[in-house]
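Q: Please take a close look at the aromatic pairing in this structure. How many aromatic pairs does the structure hold, and what surrounds the rings?

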Amino acid sequence: QVQLVESGGGLVQPGGSLRLSCAASGSIVSIDTMTWYRQTPGKKRELVASITTRGTTLYADSVKGRFTISRDNAKNTEYLQMIGLKPEDTAVYYCKFTIYTPGKIDDYWGQGTQVTVSS
């Protein structure tokens, strides 16, 4: 079994910063791409940022220059550093890992963490 546990969400004022973390545990052989998504009520889940095993990153246009994704392979963890937060960044943030376990590869999701940007 594999579990992803997220942390770091909360309430922050516009212009503020937060850092999200997502750690995987279980029968993990290796982790391929790590990704952050976000979702607001009534809207589709959207990709925020992703990072490959080689460190290649991809960002949604709406967060470029403000968010930074990183990973610590030794800890099976990814991070999302968010600065210059805006009210439109308010959402539930989910992590997704593509993970190799003995015998298969599959996508695993975190439980979600709420980020609220409001004065």
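A: In this predicted model, the structure holds one aromatic pair. A pair of aromatic rings is described by the distance of the centres and the angle of the planes. Here the ring centres of Y37 and W109 lie 5.0 Å apart and the planes meet at 50°, so the pair counts as tilted; the tilted class excludes angles under 30 degrees, which are stacked, and angles over 60, which are edge-to-face.

The two partners belong to separate strands. Y37 is part of strand β4 and W109 is part of strand β10 (residues 104-109), so the pair ties together parts that are 72 residues apart in sequence. Y37 has a relative accessible area of 15% and is therefore buried, because buried means under 20%. W109, at 37%, is partly exposed.

A charged residue also meets the ring of W109. The charged end of R45 sits over this ring, 4.7 Å from its centre. R45 lies over the face of Y94 as well, at 3.7 Å from that ring centre.

Strand β4 (30-39), which holds Y37, also helps to build the largest nonpolar core, as one of the strands that supply at least two residues each. That core has 30 residues, and W36, L80 and Y93 are among those that touch the most other members. Strand β9 gives the most to this core, with five residues. Leaving aside neighbours within four places in sequence, the contacts of L80 include W36, V48, F67 and Y93. In soluble globular proteins, nonpolar side chains tend to be buried together.

Notes
Residues are numbered from 1 along each chain as its sequence is written. This is a predicted model: local features need pLDDT of at least 70, side-chain atom pairs count only at pLDDT 80 or more; totals for chains, interfaces and linings use all residues. Side-chain values use heavy atoms; hydrogens and water are left out. A nonpolar core is a set of buried Ala, Val, Leu, Ile, Met, Phe, Trp, Tyr and Cys residues joined through side-chain atoms within 4.5 Å. Buried means under 20% relative accessible area, exposed over 50%, partly exposed in between (1.4 Å probe, protein chains only). Helices (H or I, at least four residues) and strands (E, at least two) are DSSP runs, numbered from the N terminus. Contact means heavy atoms within 4.5 Å. Rings of Phe, Tyr and Trp (its six-membered ring) pair if their centres lie within 6.5 Å; planes under 30 degrees apart count as stacked, over 60 as edge-to-face and the rest as tilted. A charge sits over a ring if NZ of Lys or CZ of Arg is within 6 Å of the ring centre and within 35 degrees of the ring normal.
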